[in-house]
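Me: I want the labels on this model justified, one by one. Take me through the reasoning, starting at the ligand.

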Amino acid sequence: MSDTIFDKILAGEIPADTVYEDDHVLAFRDINPQAPVHVLVIPKRRVERLSAYAQEHPEFVGQFFSAAARVAAHLDLDGPGYRLVVNNGQDGGQEVEYLHAHILGGRRLTWPPG
Ligand code: AMP
């Protein structure tokens with residue numbers, strides 16, 4: 001697996017606007033925000049995508065979603081609400097091949113997405 005931009009952020013090789021970090025995840029603001037709050041959550045254990053994570057480390061999938069919910073709470077989004085999105089693979093619109101969850105909030109989001 002070649003290094004992605006998120007590997008480089010995790011390694012501190014390129015800067016990121018970090019909003020939360022613990023032993024298992026790193027959360028930082030999306031460089032091209034689609035909502036007033038747009039944060040990406042990545043596991044520190046590198047995996048390409050959710051489907052691979054579910055196969056290789058199913059025990060960590062729940063931890064990852066729990067961590068994403070913790071990050072959203074940390075951003076004060078529990079009250080107003082938020083959207084959690086995981087793009088998986090090409091048809092899912094995944095551009096960076098490093099598992100990440102998008103937290104989107106700060107405005108009323110429409111459904112379905114385009
Ligand atoms: P996805 O399409 O789900 O793979 O989303 C990748 C996301 O990463 C996009 O929303 C990009 O705006 C975001 N992104 C790409 N490069 C960076 C970066 N250096 N720092 C923060 N976010 C980034």
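Me: Which residues are closest to the ligand, and how many surround it?

Reply: This is a predicted model. In it, 16 residues surround the ligand. The closest are Asp30, Asn87, Gly93, Glu95 and His100. To count here, a residue needs a heavy atom within 4 Å of the ligand.

Me: What makes the approach of the Asp30 side chain to the ligand a polar contact?

Reply: The cut-off is a pair of N or O atoms within 3.5 Å. An N or O atom in the Asp30 side chain is 2.5 Å from an oxygen atom of the ligand. That pair therefore qualifies as a polar contact.

Me: Which distances apply to Asn87 and His102?

Reply: A polar side-chain atom of Asn87 lies 2.8 Å from a ligand oxygen. For His102, an N or O atom of the side chain is 2.8 Å from an oxygen atom of the ligand. Both pairs are within 3.5 Å, so both are polar contacts. As for cover, the ligand taken alone exposes 510 Å², and the protein buries 84% of that.

Me: Why is His100 called buried?

Reply: The label needs a relative accessible area under 20%. His100 has 5%, so the label holds.

Me: Where does His100 lie, and what is it in contact with?

Reply: His100 sits in the loop between β4 and β5. Neighbours within four places in sequence aside, its contacts are Phe6, Leu40, Val41, Ile42, Phe64, Val85, Val86 and Gln94. A polar atom of the His100 side chain also lies 2.6 Å from the backbone oxygen of Tyr98.

Me: How do you know that β1 and β2 pair?

Reply: Pairing takes at least two bridges. β1 and β2 (residues 25-29) have three, in the antiparallel sense, so they pair. Thr18 has Phe28 in β2 as its bridge partner, and Tyr20 stands opposite Ala27 in β2. A hairpin of three residues joins β1 to β2.

Me: What makes β1 and β4 edge strands?

Reply: Five strands form an open sheet in the order β1-β2-β3-β5-β4, with antiparallel pairing. β1 (18-21) and β4 (82-85) each have a single partner strand, so one side of each lacks a neighbour in the sheet. Neighbouring strands are turned by 20 degrees against each other on average, direction ignored.

Me: Which helix lies across the strands, and at what angle to β3?

Reply: Helix α3 (residues 58-74) lies across β1, β2, β3 (37-43), β4 and β5 (101-105). The helix α3 runs at about 150 degrees to β3.

Key. Residues numbered from 1 in each chain as written. Predicted model: local features only at pLDDT ≥ 70, side-chain atom pairs only at ≥ 80, totals over all residues. Heavy atoms only, no water. Helix = DSSP H or I, 4+ residues; strand = E, 2+ residues; numbered from the N terminus. Axes fitted to C-alpha atoms, helices over the stretch in contact; angles between N-to-C directions. Contact = heavy atoms within 4.5 Å. Buried < 20%, exposed > 50% of the residue type's maximum accessible area, 1.4 Å probe, protein only. Polar contact = N/O pair within 3.5 Å; in protein donor to acceptor, adjacent residues only side chain to side chain. Areas by Shrake-Rupley, 256 points an atom, 1.4 Å probe, with all protein chains shown as cover.
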